[in-house]
Each structure stands twice: as structure tokens, then as C-alpha cells.
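Got your viewer open? Load the model shown here and follow along, selecting as you go.

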Amino acid sequence: MEALDQLLMACHCQSINLFVESFLKMVAKLLESEKPNLQILGTNSFVKFANIEEDTPSYHRSYDFFVSRFSEMCHSSHDDLEIRTKIRMSGIKGLQGVVRKTVNDELQANIWDPQHMDKIVPSLLFNLQHVEEAESRSPSPLQATEKEKESPTELAERCLRELLGRAAYGNIKNAIKPVLIHLDNHSLWEPKIFATRCFRIIMYSIQPQHSHLVIQQLLGHLDANSKSAATVRAGIVEVLSEAAVIAASGSVGPTVLEVFNTLLRQLRLSIDYALTGSYDCTAGVSTKIIKEHEERMFQEAVIKTIGSFASTLPTYQQSEVMVFIMNKVPLPSSQQSIEAGKAGENRNRLTQIMLLKSLLQVSVGFQCSNMLTALPSAFLDRLLSSALMEDAEIRLFVLEILISFIDRHGNRQKFATISTISDISVLKLKVEKCSRQDTVFMKKHGQQLYRHIYLICKEESNVQAHYEALYSMLMLISIELANEEVVVDLIRLVLAVQEIAQINEDNLTAYNRCALFALGAAYLNLISQLITVPTFCQHIHEVIQMRQKEAPYLLPEDVFVERPRLSKSLDRLGPEVFFWQSKISEVLGGSGYNSDRLSTPYVPQLTDEDRLSKRKSIGETISLQVEVESRNSPEREQRAPAEEITYETLKKAIDSVAVEEQERERRRQVVEKFQKAPFEEIAAHCGARATLLQSKLNQIFEITIRPPPSPSGTITAAYGQPQNHSIPVYEMKFPDLCVY
């Protein structure tokens, strides 16, 4: 072998082909030997040969035997640990040699064929897997110590990196597929440490422009495993999430929505599995027991991964993804199929919650200075219509999503607790002037936002988290999107919310009422300090002080605590503990704010959405009350009575149906007459009508052609000259060209 090695080294490039066949036969003989030393000797000779660059390719040379034999050596199970390690090391070096020899030469045996890859990749992974410590490696193996370089694990990693680094676009699929199969066969998705490590090596080794191919392979594998255990699917999804972060902008590739579509489909399937308890929805009996908490873990993993992918996208694509997710949310008012029955309701609710969670995950990383592009009308309409649903959890998600859009300067956390602080400067708020686009956004959508805030405040199922979210939203609109007009509207809105609690038409609980009073106090306290009108600040401060003395249960410090201190006697409160619309409009009007608008009570606009909303009863939907009763400020005791629904009004409503019936009957008779009556009768009837029409037309012509005489008998023209009556049209002489 030494003689052969020296001959090989001395061979010139042109004549090496003649010698190589004999040389490789010798190496193959050594590798077939039972003795480890001869196997290692044969491998070393092959590696020396692999490092020689040849000018001319050899078409007839085959490396199939070497790939198989080196792969076998990688899996060596020799009793002696030291010899086993040496054989495995030789096997890895041999595979590295085969790759180097063949990878750059297209005319050589194609190493990227599945038959070769299915042996090479699992052999390397097998050695990577048998590592004592499970910590993640650095992306570059160059810092490894000499001792570590001698371990099969380190060598296998280096060989795998080299192999993947040389993979061209068309070969990525063949290189990744064996990895996925190996992880499946050895159940390595569940403790996902090894799977994550493998894909970290893959993502750092391949060329960046190919990274989306790896992601597509993983997504395809997730689909193929859609009926596997939840822990396996969760492992695949978490590996996806890691891979997406490493690949950054290249992770999604050209098919952006396809990635999110796959993840959302998996989410829906998981919800079905959790509800039916079976992987096969058609068969009631399932062989596998589905654990609900494992499905929930999988769902959380998918949501986290959706966030990871979205964070790598540019803003305009993030916006598209959010619209895409929102369109998947089943809503009562939409065309989407809402499933009936108890199971259907459960499925809809879980789907809504999971999709809104995904949307929240995307919106948290979303940064956009222009609110008009961030929240397109169609998207906002759908989002707000889900804010009117009965489910308290769904309403909270909608509020959180809106807050994450509006908060562009990171002020959200400063309003996490509702309180009446005396000095706003301790919050260190970042406030910028409202941009023109934001003003346009509020002009277009402001009333819609106020209306939904107002309607959410009326919900009895609200808890502390809802009031905190409402408070944050009111404050963030005031800081991020407010000009004078918006501030005026927000103050009117908060006063209307105070009135909800005061009049209590909706029979809210004592806690809900106290919470609304406290919410109003906390908001007005901060807004008065933001707009710095001394008399306004004074009025707000006086009312808060009065509440501290007389009714502390109307302040956030007493309501939004673990054990709220409430009062049952909310209907017997004195006027001094309320904020007065008349007083506020007077003090702000004096500082240049629109006092007319301020003194007008806020009334939410009724829309079709309310009629479509699930919670509305049929009596409210087909309402006969034409006038919407206006809500007035707390000081107005006398309220205009709404139109009463009496026997007469109901009779009129029914009579209108009878009138329609008569009209329909009359039309039917006319049609019948023209179909069945004799021609002479129809002609006489039409002739009479034509004569009548002609006489009417003649009258109209008379009026238009002959103007009424002026008092003097002549018409004075513009220049003051008398002018005769105009000649009738039929007496006028027209030029020949004008006559047809």
C-alpha cells in the first residue's frame, strides 16, 4: 500500500486514469478485510487519492461500493471502544473523500442521487447523535480544540457542513429528506434538542438563497405527519421556528401565504383533534388516545412559529399576512360557514381564539408609521366585528391586537395599571405630534373605534383585564393619534361611559359600574394633565378629591385590586362625585376647544353590524323605534320619552303589508288585461291615454314657448330695448340644412 501510495503521488494528471482502477481495487480489498487496521489503512489511502485534483473526468468509475462500505464503517459496533471510534472516524473521512472527489464534477457518479444520500446523511447523523453533551455548537467549527477534532461527532459535523455547503439549488431536497426520515425513524422530534441542532447546522451551512427550500421541506413534512402524536408535530413546528429565525429574510421564499396557510391548517386540525378526541374525524373510534394538553402545547408552538416567520418579513408582507389570517376567522356576519350546534360553536370559538392569538403574535412585531396602511378598512371592519362577540376572551384579544397596532413608541407598559397619578411626568411618555396620515385615519375610522369602545364597556362579562385594555387603548389613541378634535371626542366618549354606569339601563353588576366610573376618572385625570388647561385640571382634580372622601369605590385604587371594595348604593350618589359635561365644555371652550361639540352628548352610530351581531334579539333587530333616543349628560334629569309602541303603530305596520298586496293585485290585472282583452278595446284604451298625454304636452309647450307677458306688454331685453313676443317653433323658418 505504501508503494501504491507513492506511485499515486508521483503520477502525472494525464496518466492517472490508467493507474487508478488498479489502485481502487486494492483499496476495496483492504476495506473488505475483517481487520480494523487494514480497513483504516485502506481509508487513509483513499483519502490521499481523493485530495488529488484530476484534469480529466473518468466516466466509467463507480463509487457505489465505497459509499456503502464507508457508511457501514460509520455504524461500526466493535466491542473495543477505541477501535470502534477509529473505525467510525475512518468511515466519516472516507465519506468526506467520496464527496470531495465527486461533488464538483457533474460527469462523475452523481453523489446527490437519493441512493447515495440515503446512506451518507444518516451515517453522519448517527455519529452526530452519539455525543455526550447536548449543548448547541457554534455555527463555525473552526474554534474547536485539537482534542475535539479527533471525536467522530466533530468530524461528522464538519463533513455534514462541507456536504451541505456544496449543495446546489436542485440538490437541497435530496440532502434534507434523509435528515427528516432519520429523525422520524429514531423518534428524535420529541426531545427536540437533537433535531434543532441538526437544522441549525443545516441552516448555517447551506447557501442563504436556498434556505426557503429547507423551510418548504419542513412544512411538507409537517403536513405528512398531521396525524402523528402532538409532541412530534410540536417538535417539527419548533424546529421550523428556529430555522425561520436563522434564515431571517430568506426563510419564507416566494410563497409567503402558503407558509402561513400550512401553519393555520395545522392549527385547525389540532382543534378538531382536541374536540373529537380522534385523528380520523370520520371514524368515532381511534386507536390513539389524544391528550388535550399536548394538543394545546402544539397549538402554542404553531402560534409562536407564525410570529417567528412574520418577524422575518418586510412590513408590507406582514400586513398581507394579517389580512390573510383575519379572513380565516369565522364571524357571524361574514360569508364564512359558521357551524351550528354545540360542537360547532365550540370549534368556532376555539378557531377564533387561536387565529386571534396568531394575529396578536404577528401584530406585536409589526412596526408601521402609517396607520392607514397598517389597518386597511376591510381588515379593521372584520377585526372590530369580532370585538362585539359575547365571548370575553375574544374581546380581550381584539383589544390587545388594536393596542399593539396603535402603540408605536412603546408606551403600552406605562398604562398597565389603572391609577389616578398626580404627576404624569413620572411615566416618561414618548409623545410625538400627530402626523397627517394619522389625522386622516382618525377622520375615517375614529367614530367606528369610539363606537366599539362604547359597546365593549356595556358588556357584563368584562373583567379587570378588559378595563385595563380599554384604558390603555383610550390613552394610546390620545398620545399616538390625537389632534384637538379627537381629544374632544374621547372626552365625550368617556362621559357617555360614565352615563352607562350612572343610568344602568343594561343592569350591570356593581363591579362593572364601579369599574366604568374608575376608568373614566383615571382617563380624565391623565388627559387633563396632557392638554394642560388649568381650569380643566382643577375640575377633574376636585371631583377625584371628592370621590376619595365620599366614594372611594369610584376610583381605580379601590376597584382594580385583588379584593375590590364596592358599594351597593350607586343610585344614591350626589352630583359632586360626577364629571359634568357642561362644566368641561365651559372650561375647555374657553381655551379654544370646540365647546358646541363638547356639550353634545356622545351617541354611537347604529350600523348593520349591530343587526348582524349574534347577541341581538329578534325584537331589537326588527325595531319599530324610528328615533334613537339621544343620551344626555348626567345633570339632565328629564329625558325625552321614546316613541311608544302601541296597538295603532303595530296596526299601521301590518296595514302597510296589505297595501303592498293591493298594489301587486292591480299589477296582475293590468298584465292580464293586455294578454286577454280584444285588440279594439286595448287600442281604444291606449288612444284615450294618448289623447290625454297629447293635450298635456301641448300645455307644456305653450308655457315653455310663450313666456308670460310682462306688465308693460313687452319684454325688456338685456339691453333695455323692447322685444316682441317670440314666434312659435312651428312658424319659424329654418335653413334647408337644418331640416331633416
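What follows is a walk through the chain, stop by stop.

**Before you click**

This is a predicted model, in which local features need pLDDT of at least 70, side-chain atom pairs count only at pLDDT 80 or more, and totals for chains, interfaces and linings use all residues. Residues are numbered from 1 along each chain as its sequence is written, and side-chain values use heavy atoms, with hydrogens and water left out.

**The whole chain**

Start with everything in cartoon view: the secondary structure comes to 31 helices and two strands. Helices (H or I, at least four residues) and strands (E, at least two) are DSSP runs, numbered from the N terminus. Of the chain's 740 residues, 46% count as buried; buried is under 20% relative accessible area, exposed is over 50%, and partly exposed lies in between (1.4 Å probe, protein chains only). Take the contacts (heavy atoms within 4.5 Å) between residues at least 6 apart in sequence: 73% of them join residues at least 24 apart.

**Stop 1: H3, H4 and H5**

Select helix H3 (36-50) and helix H5 (81-102). Their axes are 9 Å apart and the packing angle is about 25 degrees, which makes H3 roughly parallel to H5. Axes here are lines fitted to C-alpha atoms, for helices over the stretch in contact, and angles run from 0 to 180 degrees between N-to-C directions. Angles under 35 degrees count as roughly parallel, over 145 as roughly antiparallel, 65 to 115 as roughly perpendicular, and the rest as oblique. H3 passes H5 in a left-handed crossing; a crossing is left-handed if the near helix is turned anticlockwise from the far one by less than a right angle, and right-handed if clockwise.

Show side chains for the contact, and you'll find Ile40, Phe46 and Val47 among the H3 residues and Ile83, Ile87 and Val98 among those of H5. By class, this contact has nine nonpolar, five polar and three charged residues. For the classes, Ala, Val, Leu, Ile, Met, Phe, Trp, Tyr, Cys and Pro are nonpolar, Asp, Glu, Lys and Arg are charged, and the others, Gly among them, are polar.

Now add helix H4 (residues 64-74), where the buried residues include Phe66, Arg69 and Phe70. H2, H3, H5 and H6 are among what covers the buried residues of H4.

**Stop 2: H10 and its surroundings**

Jump to helix H10 (residues 193-205). Its 13 residues reach 18 Å from first C-alpha to last, close to the 18 Å expected at 1.5 Å a residue (the expected span is 1.5 Å times one less than the number of residues). How many of H10's 13 residues are buried? Ten are, so H10 is largely enclosed by the rest of the structure. Among them are Phe194, Arg197, Phe199 and Met203. To see what they pack against, select H6 (114-129), H8 (152-165), H9 (172-185), H11 (211-224) and H12 (230-247).

Keep H6 and H9 on screen. The two axes come within 8 Å and cross at roughly 50 degrees, which makes H6 oblique to H9. The crossing is right-handed. Met117, Val121 and Leu125 are among the H6 residues in the contact, with Pro178 and His182 among those from H9. Nine of the contact residues are nonpolar, three are polar and one is charged.

Next, pick His221 in H11. Histidine 221 counts as buried, at 11% relative accessibility. Leaving aside neighbours within four places in sequence, histidine 221 is in contact with Leu180, Asp184, Trp189 and Ile236.

**Stop 3: an exposed loop serine**

Scroll to Ser369, in the loop between H16 (341-364) and H17 (371-374). At 60% relative accessibility, serine 369 counts as exposed. Not counting residues up to four places away in sequence, serine 369 touches Arg408 and Asp438.

**Stop 4: H22 and H23**

Finish with H22 (residues 484-503) and H23 (residues 510-531), whose axes come within 8 Å and cross at roughly 160 degrees. The two helices are therefore roughly antiparallel. Leu490, Val494 and Val497 are among the H22 residues here, meeting a set in H23 that includes Leu516, Phe517 and Tyr523. This contact divides into 13 nonpolar, three polar and one charged.

Last click: Asn504, in the loop between H22 and H23. Asparagine 504 has a positive phi of about 55 degrees although it is not a glycine. Most residues other than glycine have a negative phi.
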